[in-house]
Amino acid sequence: MTEEKWLPEDVLDETAEENQPTEVRISGDGRRVDVLLAEASGLTRSRIATLMAQGQVTLGGKPETKAGAKAKPGQEISLTVPAPRPALPQPENIPLTILYEDRDLAVVVKPCGMVVHPAAGNEDGTLVNALLYHLDHLAGIGGEMRPGIVHRLDKDTSGLLLVAKNDAAQLHLSRQLSERTMEKHYMALVDGLMKEPSGRVNAPIDRSRKDRKKMAVDESGREAITDWKVLREGRGVSLLDVHILTGRTHQIRVHMKHIGHPVCGDPIYGSPRGAKVPRLMLHAWSLTFTHPSTCERMTFTAPLPPEFEKGLAGNGV
């Protein structure tokens, strides 16, 4: 499959009025129509196939709905990309720290307590609502005017989140995540002092058999690998740099509980006898990835929230 990229200016008129359909016209060279259009438009082949099935592609002036159809050399191919539909979430002027933004992506700092996606009971006030207000040049994901959240953070976890602003960036960044070329590090304040300066937890995770709302280490679960090293020690607590090589739900929280050092302030997996702190003490502090357009390797960091220092000193609440 050909690498996705942005449309060149001679194919896509980027000055066209927003929320208007986009026209792409190219000439065939004997290859498949979906391959040619994916190369020219920056859309994925699956998205092209969907648009073809909807009658948005013509070949030689006639509608072509089969993605596998081939275009003869010089035969005109036309694609109409409908204007993105307004997303259900509405833009909200919620304060948000944006560390970096360009036409493809944004790196933001999510505060503790903020839900990422709107859902039942959290229809507004979410990160997505804030992004819809703050981001420029949002092309949308899957035909909808919405940002693409590349990786997730729990509501009570703070720190760095990577946001895609178009389909091509979403695909490229998601591929890095699945192929483990994206590197994510967290700061975790955990109960107790570690016996070793560093270690690895390699234990599969699945839904808890006792409580389906929780996750647990289970040999029948999916592979989960977490590396950790001690940065500092406090009064009965340890500040860890945690690097996750996989992305399972609640992975750090489950693995830390599994080795007897639950994350401080964890309402689900924590210990009632643990350190008294005001929040879940988990912070996504470092993120490294390759830019989908420039291929530049980029690293961003988010400062440690002040409550972590208080927790180390034993006066977290």
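These are my notebook entries on one strand, one pocket and two helices of a predicted model.

**Entry 1: strand β11**

I started with β11, which covers residues 183-191. How many of its residues are buried? I found eight of the nine buried, so I noted the strand as mostly covered, with buried taken as under 20% relative accessible area.

Next I looked up its partners. Strand β17, residues 282-290, is joined to β11 by six bridges. The two run antiparallel. As a point of reference I wrote down K184, which stands opposite L287 in β17.

Strand β16, residues 237-244, is also a partner of β11. Here I counted seven bridges, and this pair is antiparallel too. Y186 is my marker for this pairing: V242 of β16 stands opposite it.

**Entry 2: the second largest pocket**

I then turned to the second largest pocket. I noted a volume of about 590 Å³. Which residues come closest to its centre? Of the 27 lining residues, they are K184, I244, T246, G247 and R248. K184 was already in my notes, as the residue opposite L287.

I also checked which elements supply the lining. Those giving two or more residues are α4 (167-178), β11, β16 and α5 (251-258). By residue type, I sorted the lining into 10 nonpolar, 10 polar and seven charged residues.

**Entry 3: helix α5**

Since α5 helps line that pocket, I looked at its burial. Six of its eight residues are buried, so the helix is largely enclosed by the rest of the structure. I listed the buried ones by name: Q251, I252, R253, V254, H255 and M256.

I followed the chain a little further. Just after α5 comes G260, and its phi is positive, about 85°.

**Entry 4: L312 in helix α6**

My last stop was L312, a residue of helix α6 (residues 306-313). Is L312 buried or exposed? Its relative accessibility is 7%, and the cut-off for buried is under 20%, so L312 counts as buried.

What does L312 touch? Leaving out residues up to four places away in sequence, I found contacts with L189, R232, E233, G234, R235, V237 and L239. I placed L189 in β11, residues 183-191. V237 and L239 fall in β16, residues 237-244.

I finished with a distance. L312 and V190 are 122 residues apart in sequence. In space, their C-alpha atoms are 9.8 Å apart.

Note on methods
Residues numbered from 1 in each chain as written. Predicted model: local features only at pLDDT ≥ 70, side-chain atom pairs only at ≥ 80, totals over all residues. Heavy atoms only, no water. Buried < 20%, exposed > 50% of the residue type's maximum accessible area, 1.4 Å probe, protein only. Helix = DSSP H or I, 4+ residues; strand = E, 2+ residues; numbered from the N terminus. Pairing = 2+ DSSP bridges. 1 Å grid on protein atoms, 1.4 Å probe; cavity = no way out; pocket = protein on both sides within 12 Å on 5 of 7 lines; lining within 4 Å. Points joined across faces, edges and corners; volume = space filled by probe spheres on them. Nonpolar A, V, L, I, M, F, W, Y, C, P; charged D, E, K, R; others polar. Contact = heavy atoms within 4.5 Å.
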